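Trainee: I'd like a close look at one part of this fold. Could you pick a residue and walk me outward from there?

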Amino acid sequence: EWQRWRIIYGSWLLPSLEFHFEKDECEMQLLAKDGVYINDFPRKILQGPIPSGGRADIMVRCPNKGRYQFYDFDDEVILNVHVTGDEMETVDLERWEPTYP
């Protein structure tokens, strides 16, 4: 099942966040940066660099039940993801082009 996450990086002393899953266990698709939808929505990513004060909207899908760890630029665990429940069939995200003013 896809989940939408909005990640905000509030550090001011450290480099960009560079978040990622161990061994690319879960799929991530970038939707928006700093609240603005990207032109090639959704974009598959393996890691997400977010500068200080930046935001990213991503979709996350982990394929199987289990526990997954989400890491930062120092390979420190910043989030534990626990997937439970019955396995269900999911579909790929559809391509979409935003209309800008």
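Mentor: Let's start at Asp-57, which sits in strand 7. Keep in mind that this is a predicted model, so everything below is computed from it. Asp-57 has a relative accessibility of 2%, and the cut-off for buried is under 20%, so Asp-57 counts as buried.

Now look at what surrounds that side chain. Asp-57 forms a salt bridge with Arg-6, where the closest N and O atoms are 3.0 Å apart. Asp-57 belongs to strand 7 and Arg-6 to strand 1 (residues 3–8), so this pair ties together parts that lie 51 residues apart in sequence. The two ends of the bridge are quite unlike in their surroundings: Asp-57 is buried, whereas Arg-6 is exposed, with a relative accessible area of 53%. Arg-4 joins in as well. There is a polar contact of 3.4 Å between the side chains of Arg-4 and Asp-57, and Arg-4, Arg-6 and Asp-57 are linked in a network of salt bridges.

Next, widen the view to the contacts of Asp-57, leaving out neighbours within four places in sequence. One group is Arg-4, Trp-5 and Arg-6. Another is Gln-29, Leu-30, Leu-31 and Ala-32, and Gly-35 is on the list too. Gln-29 to Ala-32 take us over to the next element, strand 3, which covers residues 27–33.

Strand 3 and strand 7 (residues 55–61) pair in the antiparallel sense, over six bridges. If you want a place to check the register, find Lys-33, which stands opposite Ala-56 of strand 7. A salt bridge also connects these two strands: Arg-61 and Glu-27 have their closest N and O atoms 2.7 Å apart. Since Arg-61 lies in strand 7 and Glu-27 in strand 3, that pair ties together parts 34 residues apart in sequence. Arg-61 counts as buried, at 11% relative accessibility, while Glu-27 counts as partly exposed, at 22%.

How enclosed is strand 3 by the rest of the structure? Five of its seven residues are buried, so strand 3 is largely enclosed. When you inspect the side chains there, one general point helps: in a regular strand they alternate between the two faces of the sheet.

Strand 7 isn't the end of the story for strand 3. Strand 3 also pairs with strand 5 (residues 43–45), antiparallel and over three bridges. Here, Met-28 has Ile-45 of strand 5 as its bridge partner. At residue 43 of that stretch there is another salt bridge to look at, with the side chains of Arg-43 and Asp-40 meeting at 2.8 Å, N to O. Arg-43 counts as partly exposed, at 29% relative accessibility, and Asp-40 does too, at 30%. For the whole structure, the tally of salt bridges is five.

Then there's the hairpin. Strand 3 runs antiparallel to strand 4 (residues 36–37), and two bridges join them. Lys-33 turns up again here, standing opposite Val-36 of strand 4. The hairpin has two residues between its strands, and Asp-34 takes a positive phi near 50°.

Follow strand 4 and you reach Tyr-37. Tyr-37 is partly exposed, with a relative accessible area of 31%. Together with Val-36, Trp-96 and Tyr-100, Tyr-37 forms a nonpolar patch on the surface, with about 380 Å² of accessible area among the four.

To finish, step across to another sheet. Four strands form an open sheet in the order 6-2-8-9, with antiparallel pairing. Its edges are strand 6 (47–48) and strand 9 (77–83), each pairing on one side only. Strand 9 runs antiparallel to strand 8 (residues 66–71), joined by six bridges, and Arg-67 has His-82 of strand 9 as its bridge partner.

Within strand 9, take a look at Val-81. Val-81 counts as buried, at 14% relative accessibility. Not counting residues up to four places away in sequence, Val-81 touches Trp-5, Phe-21, Cys-62, Gly-66, Arg-67 and Tyr-68. Trp-5 is a name you've met already, as one of the contacts of Asp-57. As for distances, Val-81 and Gly-48 are 33 residues apart in sequence and 17 Å apart in space, C-alpha to C-alpha.

Definitions and conventions
Residues numbered from 1 in each chain as written. Predicted model: local features only at pLDDT ≥ 70, side-chain atom pairs only at ≥ 80, totals over all residues. Heavy atoms only, no water. Buried < 20%, exposed > 50% of the residue type's maximum accessible area, 1.4 Å probe, protein only. Pairing = 2+ DSSP bridges. Polar contact = N/O pair within 3.5 Å; in protein donor to acceptor, adjacent residues only side chain to side chain. Contact = heavy atoms within 4.5 Å. Patch = residues over 30% accessible without salt bridge, like charges linked within 9 Å, V, L, I, M, F, W, Y side chains within 5 Å. Areas by Shrake-Rupley, 256 points an atom, 1.4 Å probe, with all protein chains shown as cover.
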